[in-house]
Amino acid sequence: MAEEQTLKRTFAEAPPAVIEQRGGRGGDRSLWVDALGAGSILAILFALYLALIWAPTEAVMGDIQRLFYFHVAAAWLALGPSFGVVAACSVLYLWKKDLRYDRIASASAELGVMFTTITLVTGPIWARPIWGAYWTWDPRLTTTLVLWFIFVAYLMLRSAVDAGHKRARLSAVFGIVGWIDVPIVFMSIRWWRTIHPTVIASEGGGLAPDMRLALFVAIGAFTLLYAYLLVVRVRQEDLATRLDRVRHQLYLR
Amino acid sequence: MSNLGFLAVGYGFIWLVLGSYVFSLARRQGGLNRQVDRLERELELTREAAPGR
């Protein structure tokens, strides 16, 4: 009975914290996040127009080459921003011990796995009519597959350990070590014999100017989408954490 | 399958993955909103049960 009274008193005294802490709730989203979402949709539509209609048809490969624009954009998003943010936020977490960095790293890893999945599936779809095989154990393909496994394992590790500093510490170390594969993926086509073409080269990779523009617009559009999805995902994680904290505070668990 | 067929499968897969992810985010957001509403209702009930606190 006394416990019930304590619970009721805690309830009565704590509410403002809950009401005020709703900042991350979907309905209270700020305007700039909505603008970012709308901007990314418009940019993707424009990129689709450039990739599918405006860009010239490649002379040797034909229309299948149009897959290139979003395949490369997805690969760039995975290797650059997504796993880069995981590594940077992991270092920041280990340095500052602020769980917000851990939440950003986790959200970015999720997006990185999604973009790597797109890269790993669209690549073979493009390779089949051109190379005559969906998959070869080429260094670029193999190191990218390893990267995908590393970050799937990262997400599995997070789901297996209870939320808190222990999970954040383990994830941060895993994220930093896992990121080491990113430069290996990037350099694989220079270090080893490969049939995978070089896209980013000092001479521009041999792309026609129209194709290069379509590629850069696709990369820009996917980067905007990544930024939007990251913000939304991190806000969800923030809200879930606040909810947990309030529930814990109110003995609702 | 023709070149265009492979192209359609490739683009179809990209938008399927992105659409599924956005859908999962929307579902998760819906779940969080419901949890916030439930917590607020419970807090309101407790406030009414313990007025003046």
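# Reading helices and chains in a predicted model

Tutor: Let's start with a pair: helix 4 of chain A and helix 5 of chain A are roughly antiparallel to each other (angles under 35 degrees count as roughly parallel, over 145 as roughly antiparallel, 65 to 115 as roughly perpendicular and the rest as oblique). This is a predicted model, in which local features need pLDDT of at least 70, side-chain atom pairs count only at pLDDT 80 or more, and totals for chains, interfaces and linings use all residues. Residues are numbered from 1 along each chain as its sequence is written, while chains are lettered from A and ligands numbered from 1 in the order in which they are written.

Student: At what angle do the axes of helix 4 and helix 5 of chain A cross?

Tutor: Axes are lines fitted to C-alpha atoms, for helices over the stretch in contact, with angles from 0 to 180 degrees between N-to-C directions. Here the two axes come within 8 Å and cross at roughly 160°. Helices themselves are DSSP runs of H or I, at least four residues, and strands are runs of E, at least two, numbered from the N terminus.

Student: Is that crossing left-handed or right-handed?

Tutor: A crossing is left-handed if the near helix is turned anticlockwise from the far one by less than a right angle, and right-handed if clockwise. Helix 4 of chain A passes helix 5 of chain A in a left-handed crossing, whereas the crossing of helix 4 with helix 9 of chain A is right-handed. The axes of helix 4 and helix 9 (residues 209-249) of chain A come within 9 Å and cross at roughly 45°. That angle makes helix 4 oblique to helix 9 of chain A.

Student: Which residues of helix 4 meet helix 9 of chain A?

Tutor: Contact requires C-beta atoms, placed from the backbone, within 7 Å. The helix 4 residues include A:Tyr69, A:Phe70, A:Trp76 and A:Leu77, and among their partners in helix 9 are A:Leu215, A:Ile219, A:Phe222 and A:Tyr226.

Student: What span should helix 5 of chain A have?

Tutor: Expect 1.5 Å times one less than the number of residues. For the 33 residues of helix 5 (residues 99-131) of chain A that gives 48 Å, and the end C-alpha atoms are 46 Å apart, which agrees. Just after helix 5 comes A:Gly132, with a positive phi near 85°. A:Lys97 also has a positive phi, of about 60°, although it is not a glycine. Look for A:Lys97 in the loop between helix 4 (68-96) and helix 5 of chain A.

Student: Is A:Lys97 buried or exposed?

Tutor: Count the other C-beta atoms, placed from the backbone, within 10 Å: 20 or more is buried, 12 or fewer exposed, and in between partly exposed. A:Lys97 has 12 such neighbours, so it counts as exposed. A:Ile195, with 13, is partly exposed. In helix 6 (residues 139-160) of chain A, the buried residues include A:Leu147, A:Ile150, A:Phe151 and A:Tyr154. Their cover includes helix 4, helix 5, helix 7 (165-179) and helix 8 of chain A.

Student: What does the secondary structure of chain B come to?

Tutor: Chain B has one helix and zero strands. Its radius of gyration (taken over C-alpha atoms) is 23 Å, well over the 10 Å that the globule rule (2.2 Å times the number of residues to the power 0.38) gives for 53 residues, so chain B is more spread out than a compact globule. The C-alpha trace of chain B spans about 75 × 10 × 5 Å along its principal axes, and 17% of the residues of chain B count as buried.

Methods
Contact = placed C-beta atoms within 7 Å.
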